[in-house]
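Work through the exercises below with the structure open beside you, and try each task before reading its solution.

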Amino acid sequence: MLQGTPTTAANYLIKQLPKATAFINTKFEVVYVSDRWITDFDFGKRNVLGKSIFDLFDTVSDDLKDLLESCLIGSGGDSGVERFTDRSQKERWFEWTNIPWFDDRENIIGIIIQAEEVTQRVLQAEKLRKLELLLQNKSEVAGIGSWEYDTFRQTLHWCPTIKKIKGVADDYIPTAESAIEFYKEGFSRNTIAMAVENAKKNGTPWHEKLEMTTADGRDIWVIAAGKPLYRDGKYIGLLGTLQEITDHVNSENKIKESESLLRTVIDNLPLNLYIKDIDSRKTLVNRSECEYLGVSDPNEILGKSDHELYDKEVADISRQEDLAVMRSLTPIYGKETLNVTPNGNATTFLTSKIPLIGNDGRATGLMGISLDISNLKKQESELRNLINVTSLQNKKLVNFAHIVSHNLRSHTANFSMLLDFLKDEKDEAEKDNILRMLIAASNNLLETLENLNEVVSINTNVNLDKKPVKLYEKANTIVDSLSGFLKDSDAKIQNLISPDQKVKVVPAYLDSILMNFITNAVKYRDPSRIPVITLSTEKTNNFTVLSISDNGLGIDLKRYGEKLFGMYKTFHENDEARGIGLYITKNQVEAMGGFITTSSEVGKGTTFKIHFNDKD
Amino acid sequence: MTKISTVSIIDDDPITIFGITKMLNALDCCDHIETYMNGEQAIRAIRDQIKSQEDIPEVIFLDINMPIMDGWQFLEEFIALKISQTIRINIVTSSIDPVDRQNWEDFKNRTHHQIEFMNKPMTRDEVALITEAVKQS
């Protein structure tokens, strides 16, 4: 027992102390402990009295050792936090407080140690430190800085990231006013000032994309966010973040610029351009395509398939093409296609379809480019028509040249032959005979020239003045003028033309045509029956057809069909046949844009159908 | 020197007929001259001559452009007739249409008859050349 050892009563008191308390002697051996000490440090039934504290706590830190030793020489009240591992290997933290233990003569006879468990506090402090570290890391990595404004002290705190963003030194001390002045004058500064005011007054948070100028003179874009802070319902300040997004905004602007450039290009291309998805639905269309489909807003087309936009037949073909392009990944270039919109407009396109290929190497859709070549096609067909007309006219011209040459040669040949005879002829009677023939040949030549002249004038009269003429009345007039001629052969005319029927003709030509066909019908009558000539009309596309039927001799069309309208072709042994009438008639009808068809049966009669063109 | 028995002139132009006839007479080279105004009349007459075993013309002057039946249609029917001897046919025309020359070439290759092509006007020398050639054959 040590000197001045407290009594048992003291021992009992110590046992009941509410905190973990131990009395140790100068050799650091435990003299008294409170029950709390036993339970707190989890000694259980283990006897601790008389044991060295360093044996009981094998993990005592050097700090604590120093503390205890200095306590024995008089310093006291020092405390430290110690880690302790209990029997279940759980880590716990205690705060030790040591004071010297004096006897009644003020001699230090040991140390009084009090321990209090602070595990909860230590762990929380550690967590907080970790969180702060994490936040700082995040802030640096993300470039998002944070700030806090204390309205009571009127101080503004910026984290290092904000200082970096604003280009100020680490020791810069911001104020509310200077902070606002970083924002660009005008929209940005007004917006932030308003936002702060609103937050203070109404408690509304803000989140704005704004421009500011840094301390080192860079113009940057930032996202500024903030909200008011309250304690017990009372406004105490503001808290917020700042993030620089200049690169983001710049690249966004660049993308916008290229998008707008691309859009301008595709909208102004004189081509129909579209993009279709894998189901052939349009996902992009340009202005030409909208105009072609007669809509002002692309949204009326987007999402629609060809079957909703075009005629079924056309849509089927187009869909098959789409599938082939997307399956084979092979583009179609410049294929001529015909598109028909539901309202029936047909357009010829030169179409290209290019597959769009995704990252997996498969088609995700296609791009279509169509060039409207309807006008070209129309011009091409007009040109072809013109060539046909020209070559036909050329043929006619060559034919006519042959006719002229033939006719002139045959007469001049006769002249030269007869003159040759005349030169050597001695017999006066024969001389007269030859002279008579020369005169006849000369008259024939004059007549031939007149005929040729007439044909030329029909074919060169390009400015034909066509007028609507009442056919019925015209026919009657001609019949009247031929009344003597008709009476001689007892011919009957049946005019079945509707009294209102009009045809567009050159009146003089119509006279000549009617005159020719009617006199021909009488000339080539069958002597065994009374000639009956029937006139009637019908309508076909663009033509008014006049039929002139007779019951005359008829013509073997197999034999003579080709020559029927030839010049100087005659087919009957008839003295009145000159072989010029039908040739001129044909030229007149053709000059008015019409044509003649013939049907005939030998011994029955002939029908000529004169097709008058209704157009000018 | 013998004479040609029959010469046939087929032409719708009376002046040509007059001219050729006059030249033949002047040459005094043939016994008979037949004239026809078109092919139809001529072929009918030749068919009758064959039927009644009369002499058929040894020389024919043939116009192309004629009514009813033209020179080509006549030739078509003539070469189809069974005539063993070689007849000299002279196409006499004022046509310069190449189609007519082509037709002539075609006919020449299709028949054993001798077919010539000449342009109007015929001259006395040409007629003499033809008739001499026939007489000597």
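The exercises that follow concern a predicted model and go from the domains of one chain to the contact between two chains.

**Exercise 1.** Find how chain A is divided into domains, and state how far apart the centres of domain 2 and domain 4 of chain A lie.

*Solution.* Begin with the domain assignment of chain A, which lists domain 1 (8–117), domain 2 (124–249), domain 3 (269–377), domain 4 (397–460) and domain 5 (467–613). Then take the centres of domain 2 and domain 4 of chain A over C-alpha atoms, which gives a separation of 118 Å.

**Exercise 2.** Describe the extent of the contact between chain B and chain A, and identify which three residues of chain B supply the greatest part of its buried area.

*Solution.* Count the residues first: chain B brings 26 residues to the contact and chain A brings 27 residues. Turn next to the area buried between the two chains, which is about 2300 Å², with 53% of it given by carbon and sulfur atoms. On the side of chain B, the residues B:I15, B:F18 and B:I68 supply 28% of the area buried against chain A, more than any other three residues.

**Exercise 3.** Examine the polar side of this interface, and work out which helix of chain B gives the largest share of the touching residues.

*Solution.* Three salt bridges are found across the interface of chain B and chain A, including one in which the side chains of A:E430 and B:K22 meet at 3.0 Å, N to O. Seven residue pairs are in polar contact between the chains, counting pairs with both residues at pLDDT 80 or more. Both α1 (14–27) and α2 (39–51) of chain B supply at least two residues of the side that touches chain A, and α1(B) has the largest share, six residues. Sorted by character, that side of chain B holds nine nonpolar, 10 polar and seven charged residues.

Notes:
Residues are numbered from 1 along each chain as its sequence is written. Chains are lettered from A and ligands numbered from 1 in the order in which they are written. This is a predicted model: local features need pLDDT of at least 70, side-chain atom pairs count only at pLDDT 80 or more; totals for chains, interfaces and linings use all residues. Side-chain values use heavy atoms; hydrogens and water are left out. Domain bounds come from an automatic or database domain assignment. Contact means heavy atoms within 4.5 Å. Buried area is the accessible area (1.4 Å probe) that two parts lose on being put together, summed over both. A salt bridge is a side-chain nitrogen of Lys or Arg within 4 Å of a carboxyl oxygen of Asp or Glu. A polar contact is a pair of N or O atoms within 3.5 Å; within protein, one must be able to donate a hydrogen and the other to accept it, and residues adjacent in sequence count only if both atoms are side-chain atoms. Helices (H or I, at least four residues) and strands (E, at least two) are DSSP runs, numbered from the N terminus. Ala, Val, Leu, Ile, Met, Phe, Trp, Tyr, Cys and Pro count as nonpolar, Asp, Glu, Lys and Arg as charged, and the others, Gly among them, as polar.
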